Amino acid sequence: MPFPSAALAPGETVAASFAEQFAAVRRCTEELCAPLATEDYVIQSMPEASPAKWHLAHTSWFFETFVLHPHVPGYRSFHPEFNYLFNSYYQALGPRWARDQRGVLSRPTVEDTYRYRKYIDDQIRELLDAGNVAMLDRVADTIVLGLHHEQQHQELILTDLKHAFAQNPLRPAYHSAKRSIGAPPPSRWVRFAEALVEIGHAGAPEQRTGTFPQSSGPLFRGAHFAYDNERPRHKTLRPAFRLANRLVTNAEYLAFMTDGGYAKPQLWLSDGWAARQAGDWQAPLYWEKRDETWSTFTLTGQRPIGPDEPVCHVSYYEADAFARWARARLPTEAEWESAAETVAIGGHFLEAGRGQPGAMPAADDHGPLFQLFGDVWQWTASPHVSYPGYRQPAGALGEYNGKFMCNQMVLRGASCATPRSHARRTYRNFFPPEARWQFSGIRLASDA
């Protein structure tokens, strides 16, 4: 089954009404789950991953908790225990079911979970159709946040399912998309001079002009939305540097492996070497070697390594070790974002239906820096910390990003599992440095 045709059109061309945008995102989540058997919905293959059923319920819980309960007089919960079962990490909202135990929740059933989603969708649709301008102005920004939150979980549904299917000796395929063909452009450096640059999102959280009916069209557009950790926009001195014009390929990473990259502690950070040893890492996640031939597990099943495809499913530690081996380094997020200002947003996103990074840049990816967006998230050398002047939002929603500004590394761009309307230049994705199950890859940088 192909991937959803689109959660939304690219941000610059969104023309649908706000209600249609809400329906499109919610529909996309369910379309991603359409190929699944009932048994697929409930499996949890590791503590960091969640069952598809939990994703379906949690994204509905978000709208129930942050929109319906506080803003709809007399609102009645679908189920009184769902706040406990489907709260992810919001301490301010009370106790939660343990993250690593989500896979034991046989109830509510998949059928009940879809019934819950419909209940929430009907309630939100009723709120939007009521035409109460004052009410809509109060809830619009939270609904938009909820839509982007759901798009994050759309990507997680695919990454978590991929990890779960990879544990199955039958190597089941999620879908049957064709493999990419072709080759990436020749590798070269793109030089950037020293400059005082601005990075971060320019708008304030409350910057929304007019009342809801007039502003509802562009509310979802990438140019208008940003998470709080992307603000405030600020100046930073960026020394001269060079950025690779494309991503590191499987063939290039295999050369690192062949040269003993996983056996040379001098290439690795101390914590990275400990993680490599503890996990017995010998290759990127999902790679397998049989009869001297490497293959990898994909959403289309097991298949030979594509040498020209971007290397994927590597941790920050592996990316950093490769960069040292290549006599280069990873870019800072200031370098990445300021360089991205020169490139239009294009690439292979969720809507392309690949579910795997492509060897060639997408048709709308014209360079000179290729595959900045789509295909794989790119590790940067920057820790996830607050920007100068950042203030964590009040209330439970302040826990969305602020509480994770420690022990996480920033990734930039987007991946082949990211909805296109969710990608933007200022996006600060973040994961622990040992994380490997996301669609994460490598772009090199060096001092000029």
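Reader: Which elements are included in what covers the buried residues of α7?

Author: Good place to start! This is a predicted model, where local features need pLDDT of at least 70, side-chain atom pairs count only at pLDDT 80 or more, and totals for chains, interfaces and linings use all residues. Residues are numbered from 1 along each chain as its sequence is written, and side-chain values use heavy atoms, without hydrogens and water. The cover over the buried residues (under 20% relative accessible area, 1.4 Å probe, protein chains only) of α7 includes β5 (287–290), β6 (293–298) and α9 (316–325).

Reader: Which residues of helix α7 are buried?

Author: Helix α7 (helices are DSSP H or I runs of at least four residues, strands E runs of at least two, numbered from the N terminus) takes in residues 250–258. Looking along that stretch, the buried residues are Asn250, Tyr253, Phe256 and Met257.

Reader: Within what arc do the buried residues of α7 fall, seen down its axis?

Author: Picture yourself looking down the axis of α7, following the directions from the axis to the C-beta atoms. The buried residues line one face of the helix, because they fall within an arc of 115°.

Reader: Which residue, with a positive phi, follows α7?

Author: Move on along the chain from the end of α7. There you meet a residue whose phi is positive, near 80°, and that residue is Gly260.

Reader: Is Phe322 buried or exposed?

Author: Phe322 has its place in helix α9, one of the elements covering the buried residues of α7. Its relative accessible area is 3%, so Phe322 is buried.

Reader: Leaving aside its neighbours within four places in sequence, which residues is Phe322 in contact with?

Author: Contact here means heavy atoms within 4.5 Å. Two of the buried residues of α7, Tyr253 and Phe256, are among the partners of Phe322. With the sequence neighbours set aside, the list is Val248, Glu252, Tyr253, Phe256, Ile442 and Leu444.

Reader: What distance separates the C-alpha atoms of Phe322 and Trp268?

Author: Along the chain, Phe322 and Trp268 lie 54 residues apart. In space, their C-alpha atoms are separated by 8.7 Å.

Reader: Which residues have the most contacts inside the largest nonpolar core?

Author: The largest nonpolar core (buried Ala, Val, Leu, Ile, Met, Phe, Trp, Tyr and Cys joined through side-chain atoms within 4.5 Å) has 112 residues. Its largest share, 13 residues, comes from α5. The residues with the most contacts inside the core are Ile143, Tyr253, Phe256, Trp268 and Ile442.

Reader: Leaving aside its neighbours within four places in sequence, which residues is Ile143 in contact with?

Author: Ile143 is one of the residues with the most contacts inside the largest nonpolar core. Beyond its sequence neighbours, Ile143 touches Phe18, Phe22, Phe63, Val67 and Leu128.

Terms used:
Buried < 20%, exposed > 50% of the residue type's maximum accessible area, 1.4 Å probe, protein only.
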